[in-house]
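Hello,

Here is the structure I promised to pass on to you. Have a look at it first, and then read my notes below.

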Amino acid sequence: MPILDSRALNRATLARQYLLDRADTPIRDAVAHLCGMQAQQPQEPFIGLWSRLRGFEPNALDDLLTEREVVRTHLMRRTVHLVTADDALAWRARHDSMLRQRVLATYRRELAGIDLDEVAAAGRAVMADHRPRTMAELVQALQDRWPTPPRRALGELLVAALIPMVQLPPRGLWHSRAGVRNLPLATWLGRDIDPPSPDGTDPADATDGTDPADATDPAGQQLVRRYLAVHGPAATADIRAWCGLAGLPAAVRAVREELVTFRDERGRELLDLPDAPRPHPDTPAPVRFLPAFDNVILGYHDRGRIIDDAHLGLSVAGLRAVLVDGRVAATWTVRDSRLAITPLRSLSTAEQETVHAEGQALATFLDEDIDHVHITAGDG
């Protein structure tokens with residue numbers, strides 16, 4: 001198999017992520033192409049889209065949220081993602097088992113012995129009046145029946161796992177600081193969630209002795225194709241790290257004949273769509289400012305194509321990153337009317353100039369009365 005070094009993988013990823021050249025793609029189509037955007041910090045997707053789309057207008061994303069074309073919901077890795085309504089409906093049932101397992105893993109002792117189906121039914125009954133509720137309000141309505149579990153544990157079980165929920169606007173709107181109000185996904189969209197498979201089988205739950213490869217998994221196959229379109233070439237471990245699903249090897253086997261294969265420098269097999277872009281490794285990469293928790297970094301098990309091992313902690317700590325020559329080379333913050341950029345390596349004079357120029361453009365976009373863009377001494 002052809003070998004792709006980290007620079008070749010980097011350029012392939014940047015091209016598919018609209019980070020080599022800003023795209024003219026409509027916002028909804030961009031969110032779909034990116035397989036959603038991690039969004040537990042509500043303002044971060046705006047920054048991610050500004051760095052990827054030419055002429056991005058925040059109010060246009062606000063309109064998509066209020067018009068129910070995109071939603072904020074728990075999905076991949078049990079984190080809040082901004083995804084299209086269509087993808088939320090198509091993918092949510094496929095994530096059900098993972099969402100439950102992750103909540104139970106976090107609160108194993110607190111939720112021991114609880115009947116999940118009974119709690120889910122009671123929660124759905126409360127929400128059947130179509131009234132948005134905070135997590136605390138939902139828990140309060142059930143507190144008499146389940147007084148023992150901590151309110152936080154019971155609340156996360158309900159809103160992040162048992163009942164597919166949407167975080168309603170104004171949460172997630174530009175420059176909004178609204179709290180979380182939840183409504184069932186099907187209620188908000190007026191459409192039912194797609195079932196996990198035509199035969200009702202989730203390959204991740206095959207406990208009856210059957211081979212998971214025999215289960216029908218169209219949603220899993222779609223996830224594999226969609227992931228590779230925006231993150232490939234990638235290993236199966238990368239796919240699992242992105243979505244958190246354990247049952248996708250069967251889906252990979254089902255679509256393998258459609259794919260091409262490579263090796264990375266460590267010898268891992270990488271899968272890809274045959275016609276997906278793989279630019280020359282020497283293709284210039286512009287400076288780009290990334291939001292916290294951007295999936296261009298978090299969407300891999302092996303993140304070496306875009307960030308050095310020494311800085312891996314930054315990608316899970318919620319720090320915003322700056323790409324220079326396609327790799328994480330600095331972090332950035334906004335505080336006291338200043339956009340401060342802290343390099344993680346020495347930046348050349350030319351690099352500092354381009355970082356500063358892009359920082360000035362970001363400061364204008366953020367519209368937060370930033371009056372100074374400053375590159376600190378950093379680690380250089």
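What percentage of the 380 residues in the protein chain do buried residues make up? They make up 54%, where buried means under 20% relative accessible area with a 1.4 Å probe, counting protein chains only.

Before going further, please note that this is a predicted model, in which local features need pLDDT of at least 70, side-chain atom pairs count only at pLDDT 80 or more, and totals for chains, interfaces and linings use all residues. Residues are numbered from 1 along each chain as its sequence is written, and side-chain values use heavy atoms, leaving out hydrogens and water.

The protein chain contains 16 helices and 13 strands, which are DSSP runs numbered from the N terminus (helices: H or I, at least four residues; strands: E, at least two). Its C-alpha atoms fill a box of roughly 65 × 50 × 40 Å along the principal axes.

Now to the interior. The largest nonpolar core has 101 residues; such a core is a set of buried Ala, Val, Leu, Ile, Met, Phe, Trp, Tyr and Cys residues joined through side-chain atoms within 4.5 Å. Leu49, Leu61 and Ile341 have the most contacts inside this core, and helix α9 (residues 151-162) gives the most to it, with eight residues. Another core, of 13 residues, lies apart from it and includes Leu14 and Leu290.

Leucine 61 is a good place to zoom in: leaving aside residues up to four places away in sequence, it touches Ile27, Phe46, Leu49, Phe56, Val70 and Leu82, a contact being heavy atoms within 4.5 Å.

Enjoy exploring!

Terms used: Buried means under 20% relative accessible area, exposed over 50%, partly exposed in between (1.4 Å probe, protein chains only).
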